Amino acid sequence: MTTATATTDERTLAELQREHGAALLSFLLGLTYGDQQRAEDLVQETLVRAWQHPEAFEAPYESMRPWLFTVGRRLAIDARRSRLARPAEVGEGALATTADPADVTESAVAALDVRAAVRGLSPEHRAVLVRLYFHGLTVNEAAAELGIPAGTVKSRSYYALRALGRCLPGYSRTLSGSPSP
C-alpha cells in the first residue's frame, strides 16, 4: 500500500518563486562566492523543499522569505561541506599534461637533471647529500663517516637542498626554516 505525500500546489510554488526567487538567488550568490550555477541549483533545491513541505506555508510568520533563506543557507552549508569532504576533481587538462608512470623516459630525464645538479654542488655539500640521500645514512652516521659534527651535516644538507631547488627545473617546493645546530 502506498501513501500519498502532501505537496505544495504548483500555483503557490510559482508565486513563491516569482515573489522571492530573485532575492533568494542574490542571497545564495553571496554564499557561493558568485558561482551562478551553484546558486541556481541551490534556489531550485530550496524550492523543492518548499514543494515537499506545504506545512511551512501554514507557519505564523507573514512572509516565506525567512524560511526560504534559512533552508537555502543550510543547503549551501551542506553542499560546501560535501564538496570539501571529497577529493578535488581533476580535469582532463591535468591528465593530458601528467607524465605516464609507465614511461621511463620521464624518470630518466629527471635522474639526469638530478645528477647534473648534484655535480654542480661544492664537494662538501655533495658528500653530505650522497651519504644522506643516496647511501641512506642517518645524520650521525654521515657525520662519523665524514669526520664532522652532526650539526654541520644538517647545515650542509639544508643549504645543498636549497641550491638544488634553485637549479632543478620544475622544482617548486620551498624549504623554510633554519638549519638545526
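Two residues are in contact when heavy atoms of theirs lie within 4.5 Å. With that in mind, here are some close-up views of a predicted model.

**Figure 1. The whole chain is built from eight helices and zero strands.** Following the sequence from start to end, you will read the pattern α-α-α-α-α-α-α-α. The chain has 181 residues, and 23% of them count as buried. Now take the contacts between residues at least 6 apart in sequence: 54% of these join residues at least 24 apart.

**Figure 2. Helix α1 bends by about 55 degrees at His20.** This helix runs over residues 10–31. If you were to build a straight helix of 22 residues at 1.5 Å a residue, it would span 32 Å. Helix α1 spans only 28 Å between its end C-alpha atoms.

**Figure 3. The buried residues of α1 pack against α2 and α3.** Look for Leu13, Leu16, His20, Gly21, Leu24 and Leu28, which are the buried residues of α1. Here is a handy rule as you step through them: an α-helix has 3.6 residues a turn, so residues three or four places apart point the same way. Their partner helices cover residues 36–52 for α2 and 65–85 for α3.

**Figure 4. A closer look at His20, in helix α1.** Is His20 buried or exposed? Its relative accessible area is 5%, and buried means under 20%, so His20 is buried. Which residues does His20 touch, not counting those up to four places away in sequence? They are Ser63, Met64, Arg65 and Leu68. This is also the residue at which α1 bends.

**Figure 5. Tyr33 sits in the loop between α1 and α2.** You will find Tyr33 just after α1. Its phi is near 55 degrees, which is a positive value in a residue other than glycine. Is Tyr33 buried or exposed? With a relative accessible area of 69%, where exposed means over 50%, Tyr33 is exposed.

**Figure 6. Arg80 and Thr32 are 48 residues apart in sequence.** In space, their C-alpha atoms are 8.6 Å apart. Arg80 belongs to helix α3. At 39% relative accessibility, Arg80 counts as partly exposed.

**Figure 7. Glu55 and Thr8 are 47 residues apart in sequence.** How far apart are Glu55 and Thr8 in space, going from C-alpha to C-alpha? The distance is 8.6 Å. Glu55 lies in the loop between α2 and α3. With a relative accessible area of 44%, Glu55 is partly exposed.

**Figure 8. Helix α7 packs with helix α8 at an angle of about 105 degrees.** That angle makes α7 roughly perpendicular to α8, because angles of 65 to 115 degrees count as roughly perpendicular. The first of the pair covers residues 139–146 and its partner covers residues 150–167, with their axes 8 Å apart. Which residues make the contact? On the α7 side they are Val139, Asn140, Ala142 and Ala143, and on the α8 side they are Ala150, Val153 and Lys154. Sorted by type, the residues of this contact are five nonpolar, one polar and one charged.

Methods: Residues are numbered from 1 along each chain as its sequence is written. This is a predicted model: local features need pLDDT of at least 70, side-chain atom pairs count only at pLDDT 80 or more; totals for chains, interfaces and linings use all residues. Side-chain values use heavy atoms; hydrogens and water are left out. Axes are lines fitted to C-alpha atoms, for helices over the stretch in contact, and angles run from 0 to 180 degrees between N-to-C directions. Helices (H or I, at least four residues) and strands (E, at least two) are DSSP runs, numbered from the N terminus. Angles under 35 degrees count as roughly parallel, over 145 as roughly antiparallel, 65 to 115 as roughly perpendicular and the rest as oblique. Ala, Val, Leu, Ile, Met, Phe, Trp, Tyr, Cys and Pro count as nonpolar, Asp, Glu, Lys and Arg as charged, and the others, Gly among them, as polar. The expected span of a helix is 1.5 Å times one less than its number of residues. The bend at a residue is the angle between axes fitted to the seven residues ending there and the seven starting there. Buried means under 20% relative accessible area, exposed over 50%, partly exposed in between (1.4 Å probe, protein chains only).
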